[in-house]
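Let us test the labels on this model against their cut-offs. Each question asks what earns a term, and each answer sets a value against a definition.

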Amino acid sequence: MPDAAVAARSSETTNSGATQQVDVAVVGAGFAGLYLLHRLRKAGFSTVVIEEAGDVGGTWYWNRYPGARCDIQTIDYSYTFDPELEKAWQWSEKYATQPEILRYLGFVADRYDLRRDIRFNTKVTSATWDESAQRWQLTTSNGAGVSCRHYIMATGCLSTPKPPEIDGVEDFKGEVYFTGRWPHDEVKFAGKRVAVIGTGSSGIQSIPIIAEQAAHLTVFQRTPNFALPAHNGPQPADRLAMLEGDRAAYREQARWSLAGVPYPQQMAVSWQLSDAERRERFEQAWATGDLVYVLTQLWADQGVDIDGNAHVANLIREKIREIVKDPATAEALTPHDHPFGAKRPCLDTNYYATYNRPNVTLVNLRQEPITAITASGITTDKRSFDVDMIVFATGFDAMTGAIRAVHPITGRGGKSLTDVWANGPQTYLGLTVAGFPNLFLITGPGSPSVLSNMAVSIEQHVDWVVDRLVAMRDAGFTTIDATETAQAGWAQHMGDCSMMTLHRLANTWYTGANVPGKAQGVMPYCGGVGPYRSICNEVVARGMLGFRMTGPGAAEQCNDGKVVHLQPDVRLVLGMLAEMNLPQIEQLGAEGARGFLTEFNKARPAGRPVGEVGDGVLHGAEGLLPYRLYRPATPGPHPIVVYFHGGGWVLGDEQSDDPFCRDLCRRSGMIVVSVGYRHAPEHRFPAAAEDGYAATRWIAEHATELGGRPGPVLVAGWSAGGNIAAVTCQLARDRGGPEIAGQLLICPVTDSRYDRPSYTENAVGYFLTRSMMFWFWDIYSSPADRTDPRVAPLRGDLKGLPPAFIATCEFDPLRDEGIEYAEALAAAGSQVEQLQARGHIHTSLMMVDVVVTGASARVKMAEALRGFAGLPKQLGSEQDVAPITVNAAAG
Ligand code: NAP
């Protein structure tokens, strides 16, 4: 039986004056609205879809401008909910044209008999929550109002064109078109002087085609954009073979991917590849004509790191210079003001080559802004252009425009959505808004939406919403509303996610920057499609966490709380570790654990280059110890940081903390000497502590030989290494030197008490477990020794110690003793700076280039060390490397 034959209760449609009573009203009959209607019907909900246009299609109904196509490959940009539908439709091209996509949506509407529940040519003019009836009351521009239990905005992200914001448009006597509202009748360019304003995707797709037909085309460009060749043609055989080989697996991989297209996570980092290797990868990607491929498959750091990104951006800039013959035009077309991908890049067909045509002129509005549109054309502050036609490809009031501006939405207590969102959109999961019960947004702000393959995100949103409505109905609930706590938590998580990417570094429609006066902030969810899906599932698994539900047939249920507490990349790392089903380190024995750690570390990205890395030996407490020295690329002599690795006095070596030492060296501009102190059980307490002290003394005495600045040294360490660094400061004070200018303690062990709350709260689940700590303690020291300040520095005399920077992580058993040490040091008169890294675990700050959100903490640590050494906190021109990973939220 075809799905369409599944009957839902019909709505009670009355004559045109009366109200239409339905379970659910949906606005929009595009990709999202059509699938919603299908699913809601199947679930037995009476539904009406209200659509402003005269037919289905949504954005594909309106955006009929010449050259309009999708820029996600069509095999991926399709519905996947019904395998029969997939079999019944064949796309003719790799990137389908707008007419073909519109035909596809019409085909879907026919196949499931959807049109009969769609009210076309109708706009919702207001939507008001009726508290007494517990329903939404809608007024419409055409015919009956609607009363519905649930109200769902399937309005799309790019459906409300923004005004051109240029004076005089109404004075122009020629033809005026907007790409986002293109007429259904053919527009004739032949023999005409045409102006296109705007060089986003719409401009870039339409400009080459208009240029082929017009007598002359003048393009008015404010900001150049990155564009890549689509290499359109038949559907690529390799992708088709993958899809047809195992359709279900292909689709499932897309659902759990980052962008909604089944590509693996790229692991190689840019600095591991030679120039030639990077170029080869880039050329291959350029030849694929696949935006998602180029955005995700070159090297792992391209989307999260300025340096990694610059490699791609420069290679594209080279391409522009190669294609465009006139150097001045090429330069004007070359983007320099944003990282590649931070603003939506475009897929093009002959875009740059179009500027080689004699009938095309580029006007760089950065050099000569438009002053007015006149009766005959466009005037800049330098000259006037007479034209017959102006095409505005000036974009949209994205993400919020269609929801907020199209009609007033009034929620609980008479609150308007426009007011609630005055400072930027607030949602829970991008799907709901606190205070607006039973209102759902599909691909709303706060969902992955425009940073993903929309088809995949839409199906996930729709399935989640409809499944919730069914579950509510089954449980007797009639209202659902997000809690303020959940919504605030989502805003925090959104902010954390946006720190992982470069989107916040560009002024774009993603951030609201394209609309004057609009609140600024990254609106789509930057954490990826798969992680987002898992969070939505978690909300359900945890009893509709963050929602209050009521109904006459059930007791009120409010499961208040935030769904994500961890930093997004930490959450991913923990998820991956959980899937790997790793052995418990404490079950492996010391040797086994060391071997495991060495193997485990092989999978991480290699540390970044520094000026020089060299190994040597130094004198420890009872013999020679290995060390590894990291020297900055800048001229010395540099201050020296003596560094102690982590590993519970049992594990680790100079290699285990290598990426961190490199990062510290680069960020601080100082020499880092990582000391290979002795380990237990071969050498129990106080071997590690005594080695730490002896090594520091030796390094201070040999500073000049090491190429370092003579005088005070600094000490630093992570975990047990932090313990050794803290102990070294106490011993140096008590034993007559060496002079230590400052101590950096990262998640240090400071005490042998295990009853602080962090030990209990974080006993399991965050990599370093309580039982692992017990194991370390037992191997290193006997209970009788554990009150000795050489292993429990919190119990020592804390007066007269060097200034300290102490970093602790929220989800770490060692958190509270680190905080206590910081407070005790400060109370004893030391200068102390504390960083409590929210959402991080014990290993976070060490996981350079994996836990990107730890970067801002790493910046602060390096700045603190520089401050201790009497250097300006910020690295100045003396460092010959570009700024490293973008700052990210940690504190
Ligand atoms: P857009 O990316 O926002 O581009 C608008 C262009 O107009 C920009 O170049 C902008 O310059 C310029 N502009 C805006 N106001 C202006 C003014 N007052 N004076 C001069 N220039 C002005 O809009 P879009 O091209 O319509 O694309 C929007 C999004 O829709 C795309 O990013 C994409 O996600 C989607 N889309 C996709 C496809 C596809 O291939 N499937 C096609 C079209 C659109 P500034 O950058 O300086 O603001």
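**Labels and their cut-offs**

This is a predicted model, in which local features need pLDDT of at least 70, side-chain atom pairs count only at pLDDT 80 or more, and totals for chains, interfaces and linings use all residues. Residues are numbered from 1 along each chain as its sequence is written, and side-chain values use heavy atoms, with hydrogens and water left out.

Q: What makes strand S6 mostly covered?
A: Buried means under 20% relative accessible area, with exposed over 50% and partly exposed in between (1.4 Å probe, protein chains only). In S6, residues 146–153, 7 of the 8 residues are buried. Strands here are DSSP runs of E, at least two residues, and helices are runs of H or I, at least four, numbered from the N terminus.

Q: How do you know that S1 and S6 pair?
A: Two strands pair if DSSP finds at least two bridges between them. S1 (residues 20–27) and S6 have 7 bridges, in the parallel sense, so the criterion is met. Gln21 stands opposite Ser147 in S6.

Q: Which strands join S6 by 3 bridges?
A: S5 (residues 135–140) does, running antiparallel. Trp136 has Cys148 of S6 as its bridge partner. S18 (residues 439–441) also has 3 bridges to S6, running parallel. There, Met153 stands opposite Leu441.

Q: What lies between S5 and S6 in their hairpin?
A: There are 5 residues between them, and Gly143 in the turn has a positive phi of about 90°.

Q: Why is the span of helix H10 called close to the expected one?
A: The expected span is 1.5 Å times one less than the number of residues. H10 (residues 306–323) has 18 residues, so 26 Å is expected, and its first and last C-alpha atoms are 25 Å apart.

Q: What makes the link between Asp305 and Asp307 a polar contact?
A: A polar contact is a pair of N or O atoms within 3.5 Å; within protein, one must be able to donate a hydrogen and the other to accept it, and residues adjacent in sequence count only if both atoms are side-chain atoms. A side-chain oxygen of Asp305 reaches to within 2.9 Å of the backbone nitrogen of Asp307, at the start of H10.

Q: Which side chains make polar contacts with the ligand?
A: Among them is Thr223, with an N or O atom 2.4 Å from a ligand oxygen. For Ser202 the distance is 2.7 Å. For Trp509 it is 2.9 Å.
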